[in-house]
Amino acid sequence: MSAVRRRWRFTGRVQGVGFRYFSACAAQNLGLTGWVANNWDGSVDLEAQGAPENLDRLVPTITKTSRWISIESFRCVKIAAVASEHGFRVRG
């Protein structure tokens, strides 16, 4: 099965609470590649790529890792996979 890629935008209490760190740990544990980054408006963008069942587990894994994270809403879209991507990183 080929990799699938999704892009999320999260709003709520998602900056200053370790969201990027916990997202990176969850993605790495699920064998996903991609990145996570804060936005100027207080939201967070995350792109992840991998097996669809692991992508489905990503958000629940993030939300249960920290009591400080509070996602009010998120939007998820499917996007084109990145062929040469390795690892998961936190962007500024």
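**Residue environments and overall fold of the predicted model**

R89 is found in strand β5, which covers residues 88–91. The model described here is predicted. With a relative accessibility of 43%, R89 counts as partly exposed. Leaving aside residues up to four places away in sequence, R89 touches G34, W35 and V36. N54 lies 35 residues from R89 in sequence, and the C-alpha atoms of R89 and N54 are 17 Å apart in space.

Strand β5 belongs to a chain whose secondary structure comes to 2 helices and 5 strands. Along the sequence, these elements follow the pattern β-α-β-β-α-β-β. The C-alpha trace of the protein chain spans about 35 × 25 × 20 Å along its principal axes. The radius of gyration is 12 Å, which agrees with the value near 12 Å for a compact globule of 92 residues. Among contacts with a separation of 6 or more, 79% are accounted for by residues 24 or more positions apart.

Buried residues make up 40% of the 92 residues in the chain. In soluble globular proteins, nonpolar side chains tend to be buried together. In this model the largest nonpolar core contains 20 residues, of which W8, F19, L46, A48 and L58 touch the most other members. At least two residues of this core are supplied by each of β1 (4–13), α1 (19–29), β3 (44–50) and α2 (52–63). The contacts of F19, not counting residues up to four places away in sequence, are with F10, V14, V36, V44, I62, I69 and I71.

S23 also has its place in helix α1. This serine is buried because its relative accessible area is 0%, under the 20% limit. With residues up to four places away in sequence not counted, S23 touches V36, L46, L58, I62 and F88. V36 is thus a contact of S23, of F19 and of R89.

A second serine, S73, lies in strand β4, residues 70–79. In contrast to S23, which is buried, S73 is partly exposed, with a relative accessible area of 38%. Beyond residues up to four places away in sequence, the contacts of S73 are with R9, F10 and T11. S73 and T11 are 62 residues apart in sequence, yet the distance between their C-alpha atoms is 5.4 Å. F10, which S73 touches, is also among the contacts of F19.

Towards the start of the chain, A3 is found in the segment before β1. A3 is partly exposed because its relative accessible area of 40% falls between the 20% and 50% limits. Residues touched by A3, not counting those up to four places away in sequence, are Q49, G50 and A81. The C-alpha atoms of A3 and E53 are separated by 11 Å, and these two residues are 50 residues apart along the chain.

At the surface, the protein chain exposes about 5,300 Å², of which carbon and sulfur atoms supply 51%. The chain carries 13 positive and 7 negative charges, and the mean positions of the two sets are 3 Å apart.

Technical notes. Residues numbered from 1 in each chain as written. Predicted model: local features only at pLDDT ≥ 70, side-chain atom pairs only at ≥ 80, totals over all residues. Heavy atoms only, no water. Core = buried A, V, L, I, M, F, W, Y, C linked by side-chain atoms within 4.5 Å. Buried < 20%, exposed > 50% of the residue type's maximum accessible area, 1.4 Å probe, protein only. Helix = DSSP H or I, 4+ residues; strand = E, 2+ residues; numbered from the N terminus. Contact = heavy atoms within 4.5 Å. Rg over C-alpha atoms; globule rule 2.2 N^0.38 Å. Areas by Shrake-Rupley, 256 points an atom, 1.4 Å probe, with all protein chains shown as cover. Lys, Arg positive; Asp, Glu negative; His and termini not counted. Charge placed at Lys NZ, Arg CZ, Asp CG, Glu CD.
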